[in-house]
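Visitor: Could you pick one part of this model and take me through it closely, then show me how it sits in the whole?

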Amino acid sequence: MLACMAGCTTGVQQSMADARIESLIGRMTVEEKVGQLSLYAPAGVDIVANPQAAQQSIDQQMADIRAGRVTGLFNNEGLEGKRRAQEAAVKESRLGIPLIFGADIIHGFRTVFPVPLAEAASWEPALAERTARASAQEASADGFRWTFAPMVDIARDARWGRGVEGAGEDVYVGRQFAAARVRGFQGSDLSRADAMLATPKHFAGYGAAEGGLDYNTVDLSERTLREVYLPPFRSAIDAGALSIMSAFNEIGGIPSNANAALLTGVLRKEWRFQGFVVSDYTADEELIAHGFAADGREAARRAFMAGTDVSMQSGLYMKYLPGLVAAGEVPKSRLDDAVRRVLRVKARLGLFDQPFRGLDKQDGPRFDAPAHQALAREAASRSIVLLKNEGDLLPLPRSGKKIALIGPFAGISDLFGPWRIFPDQAPPMGIEEAMRSRLASPDLLTVVRGSDVDAPIAGGIAAAVAAARDADIVVLSIGENEQMSGEARSRSDIEIPKAQQDLADAVAAAGKPVVVLLRNGRALALEGGVRQASAILVTWFLGSQTGPAIADVLYGDVNPSGRLPVSFPQTPGQVPYYYSHKRTGRPQLADAPAQMYKARYLDATNDALYPFGHGLGYARVRYDALEVQSGRMAWDGSLKIRARLSNTGRREAEEVAQLYIGARSASVTRPVRELKGFRKVRIPPGESTDVDFTLSRADLMFIGQNLKPTVESGPFDLWVGPSATQGLKSSFVLVPE
Ligand code: GLC
């Protein structure tokens, strides 16, 4: 029996388990070893969230499991099928090696939490850790012990559809959320029944696809790769992740799924990663389409020898690795290394000890569904970002004013976002139902759809304008539906679909104050009646508790505390847009008049419409004072920074104070600003509070000309403020050794 190894691991147990695994490897045939490196979707059911690939029959798949040719199944919902497959593996195969069941548990399972980009807007990694933990409790109750999450790709081009799955444009925020989600999914002890193995993905550079076009070519300098796209993966691995998913995209001509410099050089030699690498879906076979392999045999060899241990769905490893080993083109040692990694992780999950744990029919709930719904509501309301609130239009009154709720997102469609792939969620509540339940008199609310998501409705605008004229306040629920972001859902244009824009413009012309509720999986370029609205709330895809959470903020039960994890550009033409951009040799300074021969467009300023980090609340917060311990940071020292914030409003404030630095010069050009810390604090009305940060030399590290982590002495600016373009400013010098 392989003793549990995580949490309860002792040196003796570890070496016992390792010895048992070595003994097992010694008894395995080459085919059985390759079987541990072959992962499949369940046969006989429609493949979810992926292109349909050649599929075996259920009988064939069961026969393969009995023959030890399968390491696990993914996205196979239900306990019955898992138990049947596990019995075949454990009781009917020669060596009885248990299967692992994986799934895309991205933001919830039976309870759907806000999409990851929304949660990033809370700027509360601890909250994301809690929702990941709850997701693991729910999915492990369905027999899943491995999730293909967190997605930690930095995304700076809003045209890319998969930004919705990540934590936005910034490295520091991305690192915090990557680590928090790994801790949440895996819990404190991987051998626990409700622990799920995390899989930071997609390694690497996937979010840098040219044109924001999903799966497209990525061409990054190694410096940018190491400085921007790799750090969240490192944070995920440092948090204990024991699997990682290699990406579809190439970087500079080398597909990530077969990139030895990444998969072996960085992951193994530099980072000493002890887990296993799983390919993305048929990514090894796609090396042929890339033109990087002539056929399946070469694709299998290239991917495996570069460092992808497990092949997802293509079957190429099962088909070709035994022959490649026999031909001496794949060393037995490489094969054993990959198998060892997989078996050790299965042992740490307790699968050898208790392969049927969690697969038996359980009476009664195996997780606290009401508590998870409450958590979903808390996470959702804290992920909403208030972009503007002219005349303090919000919070809305519960009586005395007639409200017209207009737009295609007032109901229960498009609440979950693009990665809800399993059924049987508790029925969610939409905006209309939630608003009506808050009003003193339900007939104060009139609801008109006005237009479909991307097509007009005959008479829709006329009906909406009439409702607006008859109302005191308009609430406009518009934006993107679930099919407009997510995988394979890049958009060349990031504006509100025309039919809805026409609706918004017509309603705005009615002259009543408008509150926009944005439904979105990305930053959008807001125009016309949307942009000019009195108030705008970014509500993303908030999941099961969308309606109650939005109503909590609309009516003031919750003070909006979200901040943008992605910049909202003025126009689609500005993307890729991100705050931590370089100066260039001809910077058009934000507060200077537009000048010729400067880095600027003729038809737009370089500003964001709403910058990274921006968000308002129902209280007013003033940044009063900034104290920097000294103007000099000793080479081996640190620097304490304190900012005083005052709540000048009449209700409690929540503020995200952000610390940025800017190196004035270095041997490699540096961004104008880089986030190095944030504090989310509550401030009672009329009171002040101090927020403290400490900078050290490690925070000033960048990738030097030699592509190594580097720190150079010299002058730095620093800011503490409410966004990437504001804040109290100071400076310091890092003195040389
Ligand atoms: C998909 C996605 C990946 C997902 C995998 C399994 O193509 O790229 O994020 O985990 O396949 O569904």
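Guide: Let's start with a bit of vocabulary: two strands count as paired if DSSP finds at least two bridges between them. Helices (H or I, at least four residues) and strands (E, at least two) are DSSP runs, numbered from the N terminus. Also, this is a predicted model, where local features need pLDDT of at least 70 and side-chain atom pairs count only at pLDDT 80 or more, while totals for chains, interfaces and linings use all residues. Residues are numbered from 1 along each chain as its sequence is written, and side-chain values use heavy atoms, with hydrogens and water left out.

Our part is strand β9, residues 276-279. With strand β6 (residues 243-246), β9 pairs in the parallel sense over four bridges; in one of them, Ser243 is matched with Phe276 of β9. Look at the side chains next: Phe276 and Val278 point one way, Val277 and Ser279 point the other, and all are buried (under 20% relative accessible area with a 1.4 Å probe, protein chains only; exposed is over 50%, partly exposed in between).

Now follow Val277 outwards. Contact here means heavy atoms within 4.5 Å, and Val277 is one of the residues that Leu267 contacts, along with Phe203, Ile237, Ile244, Leu262, Arg272 and Phe273, leaving aside neighbours within four places in sequence. Leu267 takes us into a nonpolar core, that is, a set of buried Ala, Val, Leu, Ile, Met, Phe, Trp, Tyr and Cys residues joined through side-chain atoms within 4.5 Å. The largest such core has 111 residues, and Leu267 is among those with the most contacts inside it, as are Leu37, Ile65, Phe203, Leu262 and Leu343. Helix α14 (residues 332-348) is the top contributor, giving seven residues. Both domain 1 (2-348) and domain 2 (380-574) give residues to this core, so it lies between them; the domain bounds come from an automatic or database assignment. Apart from it there's another core, of 73 residues, with Ile384, Ile406, Ala535 and Trp540 among them.

Zooming right out, the protein has 20 helices and 28 strands. Its radius of gyration (over C-alpha atoms) is 27 Å, close to the 27 Å that the globule rule (2.2 Å times the number of residues to the power 0.38) gives for 737 residues, so the protein is as compact as a globular protein of that length. Of those 737 residues, 60% count as buried.
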